[in-house]
Every structure is written in structure tokens, then in C-alpha cells.
Amino acid sequence: MTQDELKQAVARAARDYVADRLPVGAILGVGTGSTANFFIDEIAAIKDRLGGTVASSEATAKRLQGHGIPVLDLNDVAAIGIYVDGADEIDASMAMVKGGGGALTREKIVAAVAETFVCICDASKRVAVMGRFPLPVEVIPMARAHVARELAKLGGTPKLREGFVTDNGNLILDVHGLSITDPIGLEDHINQVVGVVTNGLFARRGADVLLLAGADGVQTHLR
Ligand code: 5RP
């Protein structure tokens with residue numbers, strides 16, 4: 001199967017998960033990226049069951065609205081039943097690296113509100129130790145050089161994502177060459193650097209459910 005076929009398969013499995021477990025009229029959180037895009041296209045078929053969605057990026061909001069799926073402001077929502085999103089890497093503890101699409105801050109906010117985080121991935125995203133995928137860090141523009149110096153002290157090589165501005169008007173530093181053996185410790189440490197908005201480690205709030213698509217079909221893993 002191609003990677004796109006795996007993404008399609010896991011998106012369909014996530015649609016079924018939502019249809020089975022999200023009460024009719026409840027709010028669904030929707031992630032960002034190519035796997036999330038397959039999921040958005042799948043949930044068009046069950047849109048009448050949803051009380052609405054909260055989007056983790058402007059791109060996701062636009063795609064949802066293109067299907068006629070209502071997108072709500074998070075501030076107008078009391079609860080999100082399920083949040084479905086992809087990841088760049090996920091380890092055995094269900095900690096993730098996210099932010100390849102630059103939406104990490106809004107993704108982390110939606111994930112924090114959601115009762116259940118369902119991560120949808122193809123099998124290439126499952127790793128023993130995270131860090132091969134560069135860790136995205138969203139920074140306030142005036143703090144870019146300061147934050148880059150602090151990130152370099154961790155042993156990684158921060159690189160500015162050229163020509164990219166987040167939905168929040170900030171920059172992304174992608175940190176190459178890390179070996180993330182303590183995801184919670186590193187997430188906390190980087191978030192303490194002044195000028196960092198947040199980083200792409202989702203360890204404190206990892207996934208509750210992983211739907212993982214491989215050659216043998218879609219496997220379900222629980223935290
Ligand atoms: C976007 C993300 C995505 O979930 C992550 O980059 C995975 O994307 P894709 O499904 O395209 O591989 O965190 O900010």
C-alpha cells in the first residue's frame with residue numbers, strides 16, 4: 001500500500017471510531033496535516049451527527065467549511081469529546097512530536113480541552129526514540145535568536161523554518177539532531193525558555209488512542 005492509502009485507511013477507521021463513540025451532537029476537535037485532511041473528507045459523511053467542530057488551524061477550518069461542516073470558536077465550546085489528529089512521530093508511551101505543519105500551538109490547545117485524543121498515523125510514524133523528525137518550536141519573532149541559542153545548548157541544531165509564519169503570527173524553529181529519551185522533561189524544559197510559545201512535544205498530554213495503519217490493516221493501541 002502507498003502511504004496515502006495507509007492515511008486513507010486510518011482516516012476511515014477514525015471516522016468509524018467517532019461515529020461509534022462520540023455522542024450525537026457532541027463537539028469534535030480536528031487536527032492539521034495530510035492525514036487529518038483525509039479524516040476531514042471522511043467525516044463529511046457523518047456531519048449531521050456532529051454538534052460542530054473545533055479546528056486546530058485556519059487550513060483545517062477552511063477544509064471543514066468546504067464540506068459544510070460547522071466550525072466553532074473554542075471559547076464558545078464547553079467540552080470537546082474527541083480530538084483526532086496526526087503526528088510526526090509517536091513512541092510507546094504515546095508521546096508525540098507534532099508540528100510538521102506548523103499548527104502545534106493550536107493543536108496543543110485543542111488537545112488540552114479534549115476528553116480523548118485519537119492519534120491517526122501510518123506505521124512509519126511509530127518510533128522507539130523520537131527526535132529523528134526535527135522538533136518544531138513556535139517562537140515570538142523578537143525572541144528568535146535568543147531561543148535558538150538556548151535550544152542549541154540542548155545539543156540540537158535549531159533551524160528557522162524559512163518563509164513560514166504560524167496562524168498566530170509567530171515563527172518556527174525546527175530542532176534537528178535530538179534524541180528524545182525524556183519527552184516530558186524536554187517538553188517542560190523548552191517551554192520554560194522565554195520567548196517560546198510552545199514546542200511540538202505532546203508528552204504531558206499524549207494520545208489516549210493510537211490508530212496505526214500498516215500493511216496488515218489498522219491496529220488500535222490504548223495508552
Ligand atoms: C501539523 C501536525 C501534523 O499532525 C503532523 O505534521 C503530521 O502530518 P501528516 O499527517 O501530514 O504527516 O502536527 O502541525
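The following exchange goes through a predicted model, from its cores to its ligand.

Colleague: How are residues numbered, and what pLDDT do local features need?
Modeller: Residues are numbered from 1 along each chain as its sequence is written, and side-chain values use heavy atoms, with hydrogens and water left out. Because this is a predicted model, totals for chains, interfaces and linings use all residues, side-chain atom pairs count only at pLDDT 80 or more, and local features need pLDDT of at least 70.

Colleague: Which element gives the most to the largest nonpolar core?
Modeller: A nonpolar core is a set of buried Ala, Val, Leu, Ile, Met, Phe, Trp, Tyr and Cys residues joined through side-chain atoms within 4.5 Å, where buried means under 20% relative accessible area, exposed over 50% and partly exposed in between, with a 1.4 Å probe and protein chains only. The largest such core has 26 residues, and Val-18, Leu-28, Phe-39, Ile-43 and Val-84 touch the most other members. Elements are DSSP runs numbered from the N terminus, helices being H or I with at least four residues and strands E with at least two, and those giving two or more residues to this core include strand S1 (27-30) and helix H2 (34-43). The element that gives the most, with six residues, is H1.

Colleague: How many residues are in the second, separate core?
Modeller: In soluble globular proteins, nonpolar side chains tend to be buried together. The second core includes Val-139, Leu-151, Leu-186 and Ile-190, and its number of residues is 20.

Colleague: How far is the sulfur of Cys-121 from the closest cysteine sulfur?
Modeller: A disulfide is a covalent bond between the sulfur atoms of two cysteines, and here it is taken as a pair of cysteine sulfur atoms within 2.5 Å. The structure holds zero disulfides, although Cys-119 is buried at a relative accessible area of 0% and Cys-121 is likewise buried at 0%. The closest cysteine sulfur to that of Cys-121 belongs to Cys-119, and it is too far away for a bond because the separation is 3.5 Å.

Colleague: Is Asp-85 buried or exposed?
Modeller: Asp-85 is found in strand S3, and its side chain is joined to that of Tyr-83 by a polar contact of 2.7 Å; such a contact is a pair of N or O atoms within 3.5 Å, and within protein one must be able to donate a hydrogen and the other to accept it, while residues adjacent in sequence count only if both atoms are side-chain atoms. Leaving aside neighbours within four places in sequence, the residues in contact with Asp-85, meaning heavy atoms within 4.5 Å, include Lys-98, Glu-107 and Cys-119. With a relative accessible area of 0%, Asp-85 is buried.

Colleague: What percentage of the accessible area of the ligand does the protein cover?
Modeller: The ligand is surrounded by 16 residues, each with a heavy atom within 4 Å of it. An oxygen atom of the ligand is 3.0 Å from an N or O atom in the side chain of Lys-98, and a polar side-chain atom of Glu-107 lies 3.0 Å from an oxygen atom of the ligand. On its own the ligand has 370 Å² of accessible area, by the Shrake-Rupley method with a 1.4 Å probe, and the share that the protein covers is 91%.
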